[in-house]
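Biologist: I'm new to this one. Could you pick a single part of the interior, take a close look, and then walk me outwards from there?

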Amino acid sequence: MATTAEPRAGRLDDLQKLVALCKRRGFVFPSAEIYGGFANTYDYGPLGVLLKNNVRDAWVRTNIQRRDDIDLIDAALITSPKVWVASGHVSEFNDPLVQCLGECKNRYRADQIDTTRCPNCGGPLDAPRMFNTMFKTQVGPVEDEESIAYLPPETAQGIFVNFANVASTMRRKLPFGIAQIRKSFRNEITPGNFVFRTLEFEQMEIEYFVEPGTDEESFEYWVGERERWYIDLGVRRENLRRFEHPADKLSHYSKRTVDIEYRFPFGEGWGELEGIANRSKGPDNSSWDLWQHEQSSGQRLTLFDEEKKQHIRPGVVEPAAGLTRAALTFLIDAYDEEVIDATKTDVRTVLHLHPALAPYKACVLPQYRNKPDLVRVARGVYEELRRRWMIAYDSGSNIGKLYRRQDEIGTPYCITIDFQSLEDNKVTIRDRDSMDQSRFGRVPIEELRGWLDSHLDY
Ligand code: GAP
């Protein structure tokens with residue numbers, strides 16, 4: 001595995017610094033900005049898309065590619081509304097809403113404020129009312145009760161309704177998992193804190209089906225696995241903790257839920273990064289959701305146990321990660337402002353992103369942009385390397401500024417072509433975290449692919 005970022009003391013104290021960087025460097029833009037934006041919606045720019053793709057790829061590598069027991073599916077977003085009735089989302093996916101009766105008329109989630117007065121203007125609040133956070137839409141030309149469909153608030157139901165299809169086509173035996181990565185939608189009314197809480201977001205979920213009665217054991221395993229994934233990708237352990245949901249606050253399908261929380265630089269600090277739920281609340285510790293869908297559809301959602309000669313409805317454990325929330329977390333944890341000189345006038349902004357997550361794996365730079373021989377060699381190196389990785393090329397400024405530009409977007413290595421390269425066919429490689437330009441020695445151009453391969457291996 002590639003080295004993770006070097007130990008660092010820095011901590012992002014103000015989210016707005018990251019929001020500004022994300023806009024300045026093309027990670028995330030406010031949505032419909034030219035119209036003044038739209039609450040809790042954001043657009044991902046060129047670097048944001050690369051980062052998100054890398055988060056997704058790292059998750060797929062760990063949970064699909066390097067395991068024998070989990071398959072990935074991609075179910076339709078808009079599907080039969082019966083799915084959401086059976087899953088309990090139509091009746092249960094509600095948030096308690098209160099509105100300010102004073103001047104500002106703001107709305108709040110009653111469970112997220114601990115006051116009877118409006119936190120904004122101090123006015124009185126009305127009594128909590130429940131509202132369903134699923135977005136409704138309509139299928140077909142006529143708008144009536146029959147045409148209602150829902151945008152999915154989680155990816156999980158697409159998995160449960162395909163349980164039998166996947167189990168039989170992939171000839172699965174317990175334990176095995178089905179995973180899905182796609183968008184989910186929630187009518188969130190509370191302030192989002194940048195992309196932490198948005199109306200649409202991407203999730204990476206696994207439903208891991210187990211022999212009934214082994215769900216608790218599997219649950220413990222998955223909490224550990226998922227925590228380790230973030231740490232392996234560079235998130236500092238001290239910024240992570242586990243939060244056990246109290247029994248009286250569990251979702252309608254859950255026997256037990258533990259959140260992996262991250263210390264965010266807003267609100268009360270600790271906030272949910274990923275939830276791991278034991279959804280085995282059905283009869284005999286079986287999957288609550290499979291049970292519900294069996295009852296509603298009349299179809300059997302079980303596996304046949306050849307030894308016991310009986311149909312078994314498995315238990316299920318669900319590690320549910322937010323892709324976009326994970327991307328935000330990686331950015332926050334990687335962000336640093338480092339004082340470079342003793343006079344404290346030179347401060348560099350750097351993203352210590354794990355190389356697997358960095359939008360660009362390296363940047364190729366000619367030392368002088370107006371020297372055609374240097375540019376020719378640099379372009380050649382760039383063309384060769386980008387056959388394999390996302391590589392940046394930059395020649396627009398002096399070399400020191402170029403390095404800093406790459407630091408700010410998390411590029412782990414800068415490959416510089418200088419006059420000596422024309423003589424010895426070798427390059428210098430600058431390391432983002434240490435800023436050291438000599439630790440790797442001069443690397444022959446013909447060995448660069450192998451060099452990067454070993455340093456980017458994850
Ligand atoms: N299937 C279970 C489920 O959806 P959840 O805890 O509601 O569980 C899982 O969501 C993860 O999805 C959260 O831990 C978070 O990372 C992400 N998530 C949930 N709501 C979100 C929102 N409005 N914006 C961004 N991410 C969100």
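Modeller: Sure! When I say two residues touch, I mean that they have heavy atoms within 4.5 Å. This is a predicted model, where local features need pLDDT of at least 70 and side-chain atom pairs count only at pLDDT 80 or more, while totals for chains, interfaces and linings use all residues. Residues are numbered from 1 along each chain as its sequence is written, and side-chain values use heavy atoms, leaving out hydrogens and water.

Let's start with Arg-430, which sits in strand β22, residues 426–431 (strands are DSSP E runs of at least two residues, helices H or I runs of at least four, numbered from the N terminus). Arg-430 is buried, because its relative accessibility is 4% (buried is under 20% relative accessible area, exposed over 50%, partly exposed in between, with a 1.4 Å probe and protein chains only). Leaving aside residues up to four places away in sequence, Arg-430 touches Arg-348, Tyr-403, Asp-407, Pro-412, Tyr-413, Cys-414, Met-435, Asp-436 and Gln-437. With Asp-407 there is also a polar contact, side chain to side chain, at 2.9 Å (N or O atoms within 3.5 Å, one able to donate a hydrogen and the other to accept it; residues adjacent in sequence count only if both atoms are side-chain atoms).

Now for the nonpolar interior. The largest nonpolar core has 63 residues, and those touching the most other members are Leu-18, Phe-27, Val-55, Trp-229, Tyr-230, Phe-330 and Ile-332 (a core is a set of buried Ala, Val, Leu, Ile, Met, Phe, Trp, Tyr and Cys residues joined through side-chain atoms within 4.5 Å). Helix α9, residues 323–334, gives the most to this core, 8 residues. At least three residues come from each of domain 1 (15–79 + 152–331) and domain 2 (360–455), with bounds from an automatic or database domain assignment. Leu-18 touches Leu-328, Leu-331 and Ile-332, among others. Apart from the largest core lies another, of 20 residues, including Ile-391 and Leu-448.

What about α9 itself? All 12 of its 12 residues are buried, so α9 is largely enclosed by the rest of the structure; even Arg-325 and Asp-333 are among the buried ones.

Finally, the cysteines: the structure holds 0 disulfides (cysteine sulfur pairs within 2.5 Å). Cys-104 has its nearest cysteine sulfur, that of Cys-118, 3.5 Å away. For Cys-121 the closest is in Cys-100, and at 3.5 Å that is too far for a bond. Cys-104 is partly exposed at 24%, and Cys-121 is partly exposed at 34%.
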